[in-house]
Amino acid sequence: MKNIRRLKILGIETSCDETAASVIEARRGDFKVWSNIIWSQIKIHQKTGGIVPEVAAREHVKVILPIIKKALPKFKDVDLIAVTRGPGLITSLLVGVETAKVLSYVWQRPLIGINHLEGHIYSNWVTEDQKIKREIQCPALILIVSGGHTFLVLMKGHGKYKVIGQTRDDAAGEAFDKVAKLLKIGYPGGPIIEKLALKGNPQRFNLPKPMIESKDFDFSFSGLKTAVLYFLSKQKIKISEIPDLCATFQNSVIEVLVQKTLRAAKKYQVKTVMLAGGVAANKLLRKTLKAKVKKELPDSLFYLPSPQLCTDNAVMIGVAGYFWAQRKNFDSWQKIKVNPNLEL
Ligand code: KG4
Ligand code: ZN
């Protein structure tokens with residue numbers, strides 16, 4: 001490998017229901033995004049109101065090579081391949097990893113297996129204006145909120161993570177998806193609830209804010225979903241009341257997430273606070289957390305990924321790959337392994 005600080009990286013992401021490939025170029029810690037191709041299976045999974053793993057894997061198989069070709073039209077024009085190896089759906093992960101293995105072997109390029117959650121964290125390193133380099137100081141605290149995960153992570157340095165809080169049941173995004181299913185308003189629930197909540201009154205109904213007062217940094221969202229279920233079984237909700245229920249539900253989730261993140265940031269005296277994962281696309285969450293950090297932790301840095309990099313993508317996988325490459329931590333195509341339960 002010529003110059004390890006200046007790398008062109010192919011990122012591949014297939015852990016769930018998005019087939020994604022991207023080419024980024026790292027130049028001393030800034031990242032130029034040459035391509036960011038995402039093939040979403042949402043339309044297919046809308047029919048079942050959720051993901052059927054076997055169906056997801058078959059779709060990945062169909063589109064993975066055309067997506068990579070679109071992201072990287074010029075054969076083997078990269079220095080490194082970074083691919084998500086877990087956590088996620090095993091059959092979906094295998095499609096990305098097996099493809100990356102073949103490319104690594106045929107192109108004779110090094111390979112790095114990436115943790116999907118670490119990828120979400122690194123979406124914070126990419127700015128829309130490439131001249132602005134983000135100065136992220138550690139220890140940093142990252143709230144990762146997605147369809148499959150809710151984690152508060154303390155980052156002590158590149159590759160050094162400690163999970164200080166997590167959900168005991170449903171993930172935050174999963175709660176959005178399940179409540180949307182109960183309300184029969186579509187899939188995925190997050191963006192739909194966010195849109196409806198704009199027209200709703202968040203004070204109209206009473207919903208719990210689970211574990212908001214607990215001393216630890218864990219979360220629980222299944223009780224909130226059940227509260228919505230009870231509410232709907234007790235009374236017939238009018239169509240005109242759905243925005244109010246969406247706004248109340250969204251507020252409950254956001255209040256819990258923000259309050260716990262702030263408490264953790266104070267306890268661990270972090271220098272940077274960041275948000276990541278699909279739910280980080282939520283405008284109210286972004287705005288509320290930003291305002292609270294600014295007010296209560298004025299000396300901390302605060303970063304948000306750009307909205308299109310919150311949900312699953314391969315740019316974040318390439319960026320994580322860059323930092324592993326700096327530590328000369330490569331995998332070989334003979335040894336890389338998929339792990340559906342990979343931990344940070
Ligand atoms: O990170 P992601 O693309 O996939 C996983 O790794 O899980 O996250 C998808 C999740 C879904 O649950 C979706 O409902 C949620 O992120 N989501 C949102 C918003 N956009 C996506 N939740 C709340 N507000 C949004 N705007
Ligand atoms: Zn994700």
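Let's start at the metal. The zinc ion, ligand 2, is coordinated by three groups: His116 through NE2, His120 through NE2, and Asp312 through OD, at 2.1 Å. Keep in mind that this is a predicted model.

Now look at the sequence. How are the donor residues of the zinc ion spaced? The pattern is H-x3-H-x191-D. His116 and His120 sit together in helix α4, residues 116-122. They are 4 residues apart, about one turn of the helix.

Are these histidines buried or exposed? Buried means under 20% relative accessible area. His116 has 5%, so it counts as buried. His120 has a relative accessible area of 1%, so His120 is buried too.

Next, the sheet. It is open, it has 5 strands, and the pairing is mixed. Read the order with me: β8-β7-β6-β9-β10. Which strands stand at the edges? They are β8, residues 160-166, and β10, residues 301-303. Each has a single partner strand, so one side of each is left without a neighbour in the sheet. From one strand to the next, the twist averages 20 degrees.

Let's zoom in on one pair. Strand β6, residues 140-145, and strand β7, residues 150-157, run antiparallel. How many bridges join them? There are 6. Take Ala140: its bridge partner in β7 is Met155.

Last, the helix on the sheet. Helix α8 covers residues 242-267 and packs on the sheet. It touches β6, β7, β8 and β9, the last being residues 272-276. The direction of α8 makes about 160 degrees with that of β6.

That's the tour. Thanks.

How values were computed. Residues numbered from 1 in each chain as written. Chains lettered and ligands numbered in written order. Predicted model: local features only at pLDDT ≥ 70, side-chain atom pairs only at ≥ 80, totals over all residues. Heavy atoms only, no water. Pairing = 2+ DSSP bridges. Helix = DSSP H or I, 4+ residues; strand = E, 2+ residues; numbered from the N terminus. Axes fitted to C-alpha atoms, helices over the stretch in contact; angles between N-to-C directions. Contact = heavy atoms within 4.5 Å. Donors = N, O, S within 2.8 Å, 3.2 Å for Na, K, Ca; no water. Buried < 20%, exposed > 50% of the residue type's maximum accessible area, 1.4 Å probe, protein only.
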